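Please open the model in a viewer and set the display to a cartoon. The tour below proceeds by selections, each followed by a description of what is found there.

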Amino acid sequence: MKSLPFAALVVLQLALAPAAAAKLSKAESAMAQTVEAERERSVALLEKLVNQNSGSLNLEGVEKVGAMMRAELEPLGFRVEWKPMRDTGRAGHLIATHAGRPDTKRLLLIAHLDTVFELDSPFQRFERMGDKAKGPGAGDDKGGMVVVVAALRAMYKAGTLKGANIEFHMTGDEEDAGDPVEKARADLIAAGKRVDVALGFEGLVRDSGADMSSIARRSSESWQVTATGKTGHSSGIFSANAGDGAIYELARIIHRFRTELPEPNLTFNVGLIAGGEQVSLDEGKIRASANGKTNIIAATAIARGDLRTLSTEQAARVKDKMAAIVADHAPGTGATLAFDPGGYPAMAPTDGNRALLTRLNAVNRDLGLAEMAALDPLKRGAADISFVAPHVDSLAGLGAYSTGDHGPEETVDIPSITRQAMRAAILMSRLAAEKR
């Protein structure tokens with residue numbers, strides 16, 4: 001006998017074993033059936049989205065993907081608005097709003113229109129391979145947007161969308177945020193302050209084969225240390241007149257970072273370093289040039305890296321330690337520490353986030369699925385949900401499961417779209433029906 005896909009098996013179980021599925025309401029059972037019945041429709045939408053390049057810097061392409069999503073959401077009763085962000089160097093955001101009952105919880109859904117693959121990337125097209133599909137953004141995050149559409153369509157057909165208060169924010173610059181980030185994320189942060197729950201539809205993560213949920217994501221900030229020294233003939237280095245030089249000062253600082261900063265949930269990478277008689281960085285601060293001679297003491301040395309923390313408190317504490325290390329100069333040297341503007345804040349693990357995971361696991365039990373544990377935050381990066389997490393209970397990782405993200409083998413697991421859409425439709429329907 002040919003084996004059934006997971007979603008079809010769930011639907012069959014609901015039909016043949018009503019006692020076992022008693023915790024699912026009639027509407028919830030109908031939603032599961034709709035998601036499965038529209039599986040190929042979801043794949044077709046994914047193919048359409050993936051085949052439209054929407055690299056963060058392809059502003060027209062991002063807008064075109066936004067128009068595709070508008071066409072999906074307006075028939076479901078959403079009021080859809082395009083927020084241009086050309087003055088930040090990016091295309092803009094698509095914001096869809098569904099007004100429901102005034103006394104019930106307000107939900108914020110978060111996904112993104114852009115990918116890391118720009119117009120000059122050789123990776124441009126969708127390729128179906130049975131239960132998998134490869135393509136730019138197939139998982140991150142066009143697969144996530146398809147999960148949302150599939151869930152909302154199921155809610156619409158079952159009648160649970162009618163009274164739901166939902167804002168769906170699709171940013172156009174998640175992979176490379178506009179500048180200033182305060183403007184680029186102003187609408188999203190404002191939404192986070194007026195809703196009751198935030199759900200992030202970036203990718204599902206599996207750990208040892210098990211589906212995981214994310215109640216926490218770490219921050220992502222960039223730092224720069226610039227060390228200076230007294231240049232001169234190398235024969236005088238370490239003397240009272242010359243001192244240690246800039247490169248030794250920078251090496252001392254980085255060594256102390258490595259030995260004195262480590263603590264749980266913290267990482268700090270050094271990604272670029274240069275030193276010599278003269279050093280310069282390009283406009284994007286991703287390339288460095290330096291010149292010098294072996295017999296000249298280095299006058300300047302620069303290191304750039306990132307800092308990832310699990311809370312604002314941890315970030316403040318670690319930054320204070322870094323500043324103290326930088327301020328403790330070697331003889332004849334100086335150094336400064338600076339953090340780039342913008343960056344992504346942390347999504348700290350909170351009791352409210354844990355409560356949302358408990359709600360999701362109730363859905364899992366009612367669907368006959370294994371409960372999901374909280375993913376170790378070291379195993380995933382920053383995301384847009386982190387901007388709203390300080391203001392509202394949040395849960396991430398509700399998108400599709402994929403592998404090879406950000407590379408030419410990015411591949412989405414198609415059955416995960418169906419499974420995640422079932423979970424999301426039921427979870428959102430239950431939350432949206434609760435009183436504020």
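Two helices count as roughly antiparallel when the angle between their N-to-C directions is over 145 degrees. This cut-off will be needed at the second stop. The model on display is a predicted one.

**The whole chain**

Begin with the entire protein chain selected. The chain contains 12 helices and 19 strands. Along its principal axes, the C-alpha trace spans about 85 × 50 × 45 Å. Of the 436 residues, 55% are buried. Consider next the contacts with a sequence separation of 6 or more: residues 24 or more positions apart account for 78% of them.

**Helices α2 and α12**

Select residues 26–37, which form helix α2, and residues 414–432, which form helix α12. How are the two helices oriented relative to each other? They pack at an angle of about 150 degrees, with axes 9 Å apart; the two are therefore roughly antiparallel, since the cut-off is 145 degrees. The crossing of α2 past α12 is right-handed.

Now show the side chains where the helices meet. On the α2 side these are Glu28, Met31, Ala32, Val35 and Glu36. On the α12 side, the residues they meet include Thr418, Ala421, Met422 and Ala425.

Keep α12 selected on its own. Its 19 residues reach 27 Å from the first C-alpha to the last, close to the 27 Å expected at 1.5 Å a residue. Since 19 of the 19 residues of α12 are buried, this helix is largely enclosed by the rest of the structure.

**Helix α10 and Leu356**

Add residues 351–366, helix α10, to the selection. Helices α10 and α12 pack at an angle of about 120 degrees, and their axes are 10 Å apart. That angle makes α10 oblique to α12. Here too the crossing is described as right-handed, with α10 passing α12. Among the α10 residues at this meeting are Leu356, Arg359, Leu360 and Val363, while α12 contributes Arg423, Ile426, Leu427, Arg430 and Leu431.

Select Leu356 alone, which is found in α10. Is Leu356 buried or exposed? With a relative accessibility of 6%, Leu356 counts as buried. Leaving out residues up to four places away in sequence, Leu356 touches Val197, Ala198, Asp393, Ser394, Leu395 and Leu431. A distance label from Leu356 to Gly368, drawn C-alpha to C-alpha, should read 19 Å, for two residues 12 apart in sequence.

**Helix α9 and Val326**

Move to residues 312–327, helix α9. At 1.5 Å a residue, its 16 residues should span 22 Å, and the end C-alpha atoms are indeed 22 Å apart, so the two values agree.

Colour Gln314, Ala315, Val318, Met322, Ile325 and Val326, which are the buried residues of α9. Viewed down the helix axis, the buried residues fall within an arc of 100 degrees, so they line one face of α9. The face turned away from that buried side carries the exposed residues Thr312, Glu313, Asp320 and Ala327. Which elements do the buried residues of α9 pack against? They pack against β10 (221–229), α8 (246–260), β14 (300–308) and β15 (333–339).

Centre the view on Val326, which lies in α9. Val326 has a relative accessible area of 3% and is buried. Setting aside neighbours within four places in sequence, its contacts include Val225, Glu249, Arg252 and Ile253, and also Ala335, Thr336 and Leu337. Val326 and Glu249 are 77 residues apart in sequence, yet 9.0 Å apart in space, C-alpha to C-alpha.

**Backbone details in the loops**

Select Asp140 and Asp141, which are joined by a cis peptide bond with omega of about 5 degrees. Asp141 sits in the loop between β5 (132–134) and α5 (142–158). Another cis peptide bond joins Asp179 and Pro180, again with omega of about 5 degrees. Pro180 belongs to the loop between β6 (165–171) and α6 (181–184).

Next select Ser208, in the loop between β8 (205–207) and β9 (210–213). Its phi is near 55 degrees, a positive value in a residue other than glycine. Ser208 counts as exposed, at 79% relative accessibility.

The final selection is Lys285, in the loop between β12 (278–281) and β13 (288–291). Phi of Lys285 is near 60 degrees, also positive in a residue other than glycine. With a relative accessible area of 36%, Lys285 is partly exposed.

Conventions: Residues numbered from 1 in each chain as written. Predicted model: local features only at pLDDT ≥ 70, side-chain atom pairs only at ≥ 80, totals over all residues. Heavy atoms only, no water. Helix = DSSP H or I, 4+ residues; strand = E, 2+ residues; numbered from the N terminus. Expected span 1.5 Å × (residues − 1). Buried < 20%, exposed > 50% of the residue type's maximum accessible area, 1.4 Å probe, protein only. Arc of directions from axis to C-beta. Contact = heavy atoms within 4.5 Å. Axes fitted to C-alpha atoms, helices over the stretch in contact; angles between N-to-C directions. Parallel < 35°, antiparallel > 145°, perpendicular 65-115°, else oblique. Left-handed = near helix turned anticlockwise from the far one by under 90°.
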